[in-house]
Amino acid sequence: MKTKPVGPIPSGYEAINGELAIGGRTASDLVAAAGRTPLFVYSKMHLDQRVEDLRAALPERIGLNYAVKANPHPDVIAHMAPLVDGFDIASSGELAMVQRAGIDAERVSFAGPGKRDDELEAAISAGATLNCESEGEADRSLAIGRKVGKPPRVAIRVNPDFELKGSGMKMGGGAKPFGVDAERVPALARKLIAEGAEWRGLHIFTGSQALSADAIIEAQTNVLELADKLSNEIGEAVPKLNMGGGFGIPYFPGDEPLDLAAVGNALKAHVASLPASLTHSDLCVELGRYLVGEAGVYLCRVIDRKVSHGVTYLVTDGGLHHQLAASGNFGTVVRRNYPVAIATQFESEAEDVVNVVGCLCTPLDRLADAAMLPRAEVGDLVAVFCAGAYGATASPADFLGHGPAAQTLV
């Protein structure tokens, strides 16, 4: 069987006695402490290092916002609280999560094209900023603000005429459910200000999961130019500009890490020559996957080793119900292998061509195809890397009734 390469294992993972270690503890020890597999393990060291690298590369002027949707585990949110400047949420459920972590709602902005009235009321009452997605949402926000006796804090999410080239998921440019088309933003902003809303500026998010520094630099340049243009047309300075994110991480064979230094240097040049409309603005980037993706490892156990028509299958107790993206069923057109390893044979020589599959009764449940890995037997642990973002909560955990995975931060 022709082999298919696996994706690149993120840096910072080590071995203890030949076994994968996370946070100084072996995979076996972590599983024993959790009492079961499958298990998501999130590394504090990786979270801290990623924030440190961003702070070093980006201008001091640029704030960091954490997009909670990437990983809303309570321990991850609490760990990120002192490391970042703000939090971006996409539901009242996520608002409740950050509030339970003791995070002041004034550090929170709320985006999403389908905010219900009860969600708008919760956000307005708490003092979070609404990233308004339409004229209709603006009207509802103003009405709810009058009802609760509190002016809404409102920014406008802009649907720009440009997009983030090479983005895995395009969130701007052309017809989109996200944001207000750029040419309609000035009139809406003037209306919000005139009717007593607290004007909080602009949110311009063009896409996600880009590995090209040039593409991100071009998008950020366009964002700053558009923000200046809109500010002048509105007739008000921009109190805050959320420039979006788009920073990608390597998942697949051949992927190269984003050149963060190049992005940072370009932003430093922009910050040194900001237009008057942005001179006093709070500027931030909104990152989710880039902050937490490489900090997560999904561990599952081999429960059967079988051969069918000459093909070896490692059947695990994990699968797409926890790792939809790794299975290739989360927007991937051509399925490629994530970074996968045999955690309990982490330093052993790769000698076995195997398909790693999950426990679900569907041919879609695949974690690795034709991967060359160390020989694994029943009881060995499989590690799927880049599992810190869009894993546990972006996968159908209730599918076929196997239930959710355990999660831990170490």
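Me: Where is Y390 placed in this predicted model?
Reply: In this predicted model, Y390 belongs to the loop between β21 and β22.

Me: Why is Y390 called buried?
Reply: The relative accessible area of Y390 is 18%. The limit for a buried residue is under 20%, so Y390 is classed as buried.

Me: Which sign does phi of Y390 have, positive or negative?
Reply: Phi of Y390 is positive, near 55°, and the residue is not glycine. Most residues other than glycine have a negative phi.

Me: Where does Q209 lie, and what makes it count as buried?
Reply: Q209 is found in the loop between β13 (207-208) and α8. Its relative accessibility of 16% falls under the 20% limit, so Q209 counts as buried. Q209, which is not a glycine, also has a positive phi, of about 55°.

Me: How many aromatic pairs does a search of the whole structure find?
Reply: The search gives 10 aromatic pairs.

Me: What makes the aromatic pair of F40 and Y298 tilted?
Reply: The ring centres of F40 and Y298 are 4.8 Å apart, and the planes meet at 45°. Stacked planes are under 30 degrees apart and edge-to-face planes over 60, so 45° makes this pair tilted. F40 lies in strand β4 (residues 39-42) and Y298 in strand β16 (residues 296-308), so the pair ties together parts 258 residues apart in sequence. F40 and Y298 are both buried.

Me: Why is the pair of F330 and Y390 tilted?
Reply: The planes of the two rings stand at 40°, which is neither under 30 nor over 60 degrees, so F330 and Y390 form a tilted pair. Their ring centres are 6.5 Å apart, and pairing requires centres within 6.5 Å. F330 lies in the loop between β17 (311-316) and β18 (340-342), so its pair with Y390 ties together parts that are 60 residues apart in sequence.

Me: How do you know that F330 is partly exposed?
Reply: F330 has a relative accessible area of 31%. Partly exposed covers the range between under 20% and over 50%, so F330 is placed in that class.

Me: What makes R50 a charge over the ring of Y290?
Reply: The charged end of R50 is 4.2 Å from the ring centre of Y290. The distance limit is within 6 Å, so the separation of R50 from the ring meets that part of the definition. K115 likewise lies over the face of F110, at 5.4 Å from the ring centre.

Me: Why are β1 and β3 called edge strands?
Reply: Three strands form an open antiparallel sheet in the order β1-β2-β3. Both β1 (14-16) and β3 (25-26) pair on one side only.

Me: How do you know that β2 pairs with β3?
Reply: Two bridges join strand β2 (residues 19-22) to β3, and the two run antiparallel. At least two bridges are needed for pairing, so β2 and β3 qualify. A21 stands opposite T26 in β3.

Me: How does the reach of α8 compare with the expected value?
Reply: α8, with 22 residues, reaches 31 Å from its first C-alpha to its last, close to the 32 Å expected. Just after α8, G235 has a positive phi of about 90°.

Conventions:
Residues numbered from 1 in each chain as written. Predicted model: local features only at pLDDT ≥ 70, side-chain atom pairs only at ≥ 80, totals over all residues. Heavy atoms only, no water. Phe/Tyr/Trp six-rings, centres within 6.5 Å; stacked < 30°, edge-to-face > 60°. Helix = DSSP H or I, 4+ residues; strand = E, 2+ residues; numbered from the N terminus. Buried < 20%, exposed > 50% of the residue type's maximum accessible area, 1.4 Å probe, protein only. Lys NZ or Arg CZ within 6 Å of the ring centre and 35° of its normal. Expected span 1.5 Å × (residues − 1).
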